[in-house]
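The report that follows walks through one protein model, from its overall make-up to its ligand shell, two helix contacts and a single residue. It is meant to be read alongside the sequence and the coordinates.

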Amino acid sequence: MAKVNWFPGHMAKTLMQMSKEIKNIDMIIYVLDARAPLSCLNPKFNELCENKPILFVLNKVDLADDYISNYIKMVLKQKDNCDCISLNSIQSGTSKIIEPIMKNLCKNKLQKYAKKQLTIPLRAMVIGVPNCGKSTLINNMCGIKKTKTGDKAGVTRGKQWVALKNGFEILDTPGTLWPNLENQEIAKKLCIIGSIKDEIVDINELSLYLVTLLQKYYPKFLQERYDIKLNDNALLTINEIAQKKHFLIKGGDIDYDRTCAMIIDDFRKGRFGKITLDQVENV
Ligand SMILES: Nc1nc2c(ncn2[C@@H]2O[C@H](COP(=O)(O)OP(=O)(O)O)[C@@H](O)[C@H]2O)c(=O)[nH]1
Ligand SMILES: [Mg+2]
């Protein structure tokens, strides 16, 4: 596969901006796409966290493999000063689940403020790779009648803080974490889940990689979706899918563009079933 473009400059800039913002906040909500949660983690970001409490949100859990989601949740919960929940951010009632956990993670600070009878709101910043559901989560937490509190001293100008009912404030422009593209497997998984724009990757090679993963970890889903026989060769599988679908071009050749685009689209729409591309062996 053509190497996925790697823009270290962009990432360095994003991380620098975030490191400034992190100084003004009390906790981080780190959103991960549960279909590739480990690939969404940016190891460089850890250095910036300054031991602030982190709530990992395994988002889009409705599309992911429950066994792996539960396993990764258990692993992330064990990290110091961290908690983890799995979530479908589209569903209502998100704030009821998330708010008590935020309070619990910041309980030391809340107790300190309470002792001094201070009513300063705590601040949370939502971060994650593109398309993992940050905006959806923020909108859901804020509800329809979100109250903008406007700029506050000490925070970058133009940033809007939104008050939640639980005494927290949340930054309404989420921090987009530049994904870690040094590892090509990670880069491909991020493309498949739609975090990296399609224009920079070859959709046919991406599809070949996806079929390879599906054959290895979810062969039944693949078989059932397209009513095909199983074999170990991803290219032969793609050929068979194309034949079944009659995705052929003049002369009877396989229309790879159409077939591969369909396979990726079927994955993104969750049509195979609940799938996670990062496996427990990667943890
Ligand atoms: N199935 C499912 N889709 C979700 C979930 N959260 C967000 N999405 C969808 O994922 C896409 C990207 O969400 P968005 O909030 O814009 O992501 P952002 O780029 O991180 O802000 C949108 O189409 C959302 O509707 C979820 O929990 N489940
Ligand atoms: Mg967004």
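## Overall make-up

Of the 283 residues of the protein, 36% count as buried, in what is a predicted model. The protein has 11 helices and seven strands, and among its contacts with a separation of 6 or more, 71% are accounted for by residues that lie 24 or more positions apart.

## The ligand shell

Around ligand 1 there are 16 residues, of which Ser-89, Gly-133, Lys-134, Ser-135 and Thr-136 come nearest. Sorted by class, this shell around ligand 1 holds eight polar, five nonpolar and three charged residues. Helix H6, which spans residues 134–142, supplies the largest share of the shell, namely three residues.

## Two helix contacts

Helix H6 also takes part in a contact with helix H4, and a second contact pairs helix H10 with helix H11. The geometry of both pairs is set out below.

| Helix pair | Axes come within | Crossing angle |
|---|---|---|
| H4 (residues 94–105) and H6 | 8 Å | roughly 90 degrees |
| H10 (residues 234–245) and H11 (residues 256–268) | 10 Å | roughly 100 degrees |

With their axes crossing at roughly 90 degrees, H4 and H6 are therefore roughly perpendicular to each other. On the H4 side the contact is made by Thr-94, Ser-95 and Ile-98, and on the H6 side by Leu-137, Asn-140 and Met-141. The residues of this contact of H4 with H6 divide into three nonpolar and three polar, with no charged residue.

For the other pair, the axes of H10 and H11 cross at roughly 100 degrees, which makes H10 roughly perpendicular to H11. Here Ile-238, Ile-241, Ala-242 and Lys-245 of H10 meet Thr-259, Cys-260 and Ile-263 of H11, and the residues of the contact of H10 with H11 comprise five nonpolar, one polar and one charged.

## A residue of helix H7

Ile-186 lies in helix H7, which covers residues 184–192. Why does Ile-186 count as buried? Ile-186 counts as buried because it has 22 C-beta neighbours inside 10 Å, where 20 or more are required. When its neighbours within four places in sequence are left aside, Ile-186 is in contact with Ser-39, Asn-180 and Leu-181. Leu-41 is 145 residues away from Ile-186 along the chain, and the C-alpha atoms of these two residues are separated by 9.9 Å.

Methods
Residues numbered from 1 in each chain as written. Chains lettered and ligands numbered in written order. Predicted model: local features only at pLDDT ≥ 70, side-chain atom pairs only at ≥ 80, totals over all residues. Near = placed C-beta within 6 Å. Helix = DSSP H or I, 4+ residues; strand = E, 2+ residues; numbered from the N terminus. Nonpolar A, V, L, I, M, F, W, Y, C, P; charged D, E, K, R; others polar. Axes fitted to C-alpha atoms, helices over the stretch in contact; angles between N-to-C directions. Parallel < 35°, antiparallel > 145°, perpendicular 65-115°, else oblique. Contact = placed C-beta atoms within 7 Å. Buried ≥ 20, exposed ≤ 12 C-beta atoms within 10 Å, placed from the backbone.
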